[in-house]
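Trainee: I should like a close look at a single part of this model, namely the surroundings of the ligand. Which residues surround the ligand, and which of its atoms meet polar atoms of the protein?

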Amino acid sequence: MKLCMIGTGYVGLVSGVCFSDLGNTVYCVDNNKEKINNLNNGKIPIYEPGLEEVLKKNYKQKRLIFTTNLKYAITNSDIIFICVGTPTKKNGYSADLKYVFQVARELKKYIKKYKIIITKSTVPVSTGDKIENILKNLKRKKLIDVVSNPEFLREGEAIRDFIYPDRVVIGSDSKKAIKKLKSLYLPIIKKTSRFFNTSRRGAELIKYASNAFLATKISYINEIANLCEKTGVDVKDVSLGMGLDQRIGDRFLRAGPAYGGSCFPKDTRAIVDTANSFKSNLSIIKSVIKSNNERKLILTKRVEKILNNKIKNKKITFLGVTFKPNTDDMREASSLFMIPKLHKKGAKIKYYDPSGIKKEFYKLKNVKFCNSVSSACIKSDLIIIHTEWNEFKSINFKKIVKKSKIIIFDMRNIYSPQKMKKDKINYLSIGR
Ligand code: UGA
């Protein structure tokens, strides 16, 4: 099939590359010329394991086209995916849909024969109705169907999630569109996943309800971890014991720092805002947002307590600063809260992240990037494991720190407290 992905951000690029690998011709469009030039020169704007190889293979075979020419891409495609960003609006909770509606207005100019228009961007329930309203003349002439097909990819695991999805959700009541999309997804739905057809509004809400539920699971276990610390219980045992009940499941029950990323924080805010506009109160999700914000402060306070509230001139190391491993994404990472707070109190911070130096810390005088675990940890007063990159899972701290007193605060519960005790390392973790 001939597809067009509008927007080469995370969702658009990964889905476009993966669709081309299934044998489709995919036009990836972006209005950012530099990005398109880079992609045409094999430079990938995001860090995603495995993406580069698949992209280069399909680019060579001419199944993947990167262009800034929207008209050309639309005219040549049968199915158009809207994959532009829907960030939180400034000073509020609502999702900013200006890019989505801009695209809809552009589509209006170029569509002359039947096309399926799909929102893959995460959009509040009823956005599809608004897009259809912009395109009402085309709809009346039966030249379009507007469908919702939300994306459930995780950063760092995106290719695998695309090939082996738990479900493919299609929100539409058009038999023609559903049939065509079923055959587009056939190579992957034959595997394990379910092809689930529902209303357009239903599909839009499934996306938000899923992300908000996962965020709730994380905040829930984080609060249980606080209780574990007070009661001498290991939160890992609690997660496991709870998760053995198949109704609960143990995934997304890992306690840690506040959840971050480009999705959970933004989507929990947006669903609360959408509910408000429909005069519905999502009190649980509101509490999750509050709990997650407070978590950043709780953990920063804990760091201060570990150092007896004497932060000035203390050498603090951060291992990992991204919101999760296998990505270079810093959006809403809890390190963006902790590092400036500790820096302001006089700490001298060194950090190492396998995805490289971060511009977010350029302006902080005493925050320095190191290019290895050992150079970041040497002579440190406190080592904080902030992100669970594989590289941090078997470090010989005694060998690299070069100090008799080693303190580690492991925010991802990677190491065994018993083993650390044996090695005479002062080891603190989460909910244990
Ligand atoms: C999330 C969802 O998992 C995807 O299904 C969804 O498609 C995506 O948002 C999106 O809407 O685009 P992502 O933001 O890439 O994916 O990352 P996750 O793996 O879900 O992690 C989010 C945050 O939760 C991270 O900060 C991670 O460290 C934290 N987390 C996750 C925990 O603290 N504990 C856990 O048990 C799991």
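Mentor: What follows describes the shell around the ligand, with a short note on one helix at the end. Please bear in mind that the model is predicted.

The ligand is surrounded by 19 residues. The closest of these are F152, L153, E155, K207 and N211. By character, the shell divides into 9 nonpolar, 8 charged and 2 polar residues.

Oxygen atoms of the ligand lie close to N or O atoms of three residues, which may be taken in turn. For E151, a backbone N or O atom is 3.5 Å from a ligand oxygen. For G260, a backbone N or O atom is found 3.0 Å from an oxygen atom of the ligand. In K324 the side chain is involved: one of its N or O atoms is 2.8 Å from a ligand oxygen. As for the surface of the ligand, it exposes 720 Å² when taken alone, and the protein buries 93% of that.

Two elements give two or more residues to this shell, helix 10 (200–231) and helix 12 (264–277). Helix 10 gives the most, with 3 residues.

Helix 9, residues 175–189, merits a separate remark on its geometry. Its 15 residues would reach 21 Å as a straight helix at 1.5 Å a residue, yet its end C-alpha atoms are only 18 Å apart. A kink of about 40° lies at S183, shortly before the proline P187. The buried residues of helix 9 are A177, I178, L181, L184, Y185, I188 and I189.

Definitions and conventions
Residues are numbered from 1 along each chain as its sequence is written. This is a predicted model: local features need pLDDT of at least 70, side-chain atom pairs count only at pLDDT 80 or more; totals for chains, interfaces and linings use all residues. Side-chain values use heavy atoms; hydrogens and water are left out. A residue is near a molecule or strand if one of its heavy atoms lies within 4 Å of it. A polar contact is a pair of N or O atoms within 3.5 Å; within protein, one must be able to donate a hydrogen and the other to accept it, and residues adjacent in sequence count only if both atoms are side-chain atoms. Accessible areas come from the Shrake-Rupley method with a 1.4 Å probe; for residues, only the protein chains shown count as cover. Helices (H or I, at least four residues) and strands (E, at least two) are DSSP runs, numbered from the N terminus. Ala, Val, Leu, Ile, Met, Phe, Trp, Tyr, Cys and Pro count as nonpolar, Asp, Glu, Lys and Arg as charged, and the others, Gly among them, as polar. The expected span of a helix is 1.5 Å times one less than its number of residues. The bend at a residue is the angle between axes fitted to the seven residues ending there and the seven starting there. Buried means under 20% relative accessible area, exposed over 50%, partly exposed in between (1.4 Å probe, protein chains only).
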